[in-house]
Amino acid sequence: MPLTPLDIHNKEFTRAFRGYDEDEVNEFLDQVIKDYEAVLREKKDLFEQVANLEEKLDHFNNIEETLNKSILVAQEAAEELRRNAQKESQLIVKEAEKNANRIVNDALTKSRKVMMEMEELKKQASVYKMRFKMLIEAQLEMLQTDDWDSFDEEQTTDEHVFEEKA
């Protein structure tokens, strides 16, 4: 067991012939007691300081561990968010492709329909043109017949008769 300042203070030495000077020894012991007390106080302060620092170290280690966990959670959340955004973007692209395909197909269908209608109108125009041409040719043929000449003569005669009667 280590000595205490009280142990040093209470220590009694036996007297011998031609021993040390008692006052010098007592002075020296008083100085040793003071130094020993200072060392013990310093030791106590250092132990308190070490305990305090260990407590702070534990606190900071806990903070570090919490921060590391928070960073991991944030990284996982960011990764999950990135994956979700990537999935959503893929869905948007697929939906856009579907819409584009639908629009293209609708446009092709309308284009085919317009082409068919145009072909039908061309056929109708051709039929109309042919019928109109046949009508005109028939009318021309009628005009070129001899019946008109006789009709023309009859009308001239009728006009003469009408003038004479008047």
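**Pocket, surface patch and salt bridges of a predicted helical model**

Helices α1 (5-10) and α2 (22-143) each contribute at least two residues to the lining of the largest pocket. The structure is a predicted model, in which local features need pLDDT of at least 70 and side-chain atom pairs count only at pLDDT 80 or more, while totals for chains, interfaces and linings use all residues. Residues are numbered from 1 along each chain as its sequence is written, and side-chain values use heavy atoms, with hydrogens and water left out.

The protein contains three helices and zero strands, in the order α-α-α from the N terminus (DSSP runs numbered from the N terminus: helices H or I, at least four residues; strands E, at least two). Of its 166 residues, 2% are buried (buried, under 20% relative accessible area; exposed, over 50%; partly exposed, in between; 1.4 Å probe, protein chains only). The exposed surface of the protein amounts to about 16200 Å², of which carbon and sulfur atoms supply 58% (Shrake-Rupley method, 1.4 Å probe; for residues, only the protein chains shown count as cover).

The largest pocket encloses about 450 Å³. It is lined by 17 residues, of which F13, R15, E22, V25 and N26 are the closest to its centre. A pocket is an open set of points on a 1 Å grid over the protein atoms alone, where a 1.4 Å probe fits, with protein on both sides within 12 Å along at least five of seven lines; lining residues have an atom within 4 Å of a point. Grid points are joined across faces, edges and corners, and the volume is the space filled by probe spheres set on the points. Helix α2 gives the most to this lining, with six residues.

Y128, F132, L135, I136, L140 and L143 make a nonpolar surface patch of about 610 Å² (residues with over 30% relative accessible area and no salt bridge; nonpolar side chains, Val, Leu, Ile, Met, Phe, Trp and Tyr, joined within 5 Å; like charges within 9 Å). L135 belongs to helix α2 and is partly exposed, at 46% relative accessibility.

Six salt bridges are present (a side-chain nitrogen of Lys or Arg within 4 Å of a carboxyl oxygen of Asp or Glu). E79 pairs with R82 at 2.4 Å, N to O, and with R83 at 3.7 Å, N to O. E79 and R82 are three residues apart in helix α2, about one helical turn. E80 also bridges to R83, with the closest N and O atoms 2.5 Å apart. Shared partners thus join E79, E80, R82 and R83 into one network.
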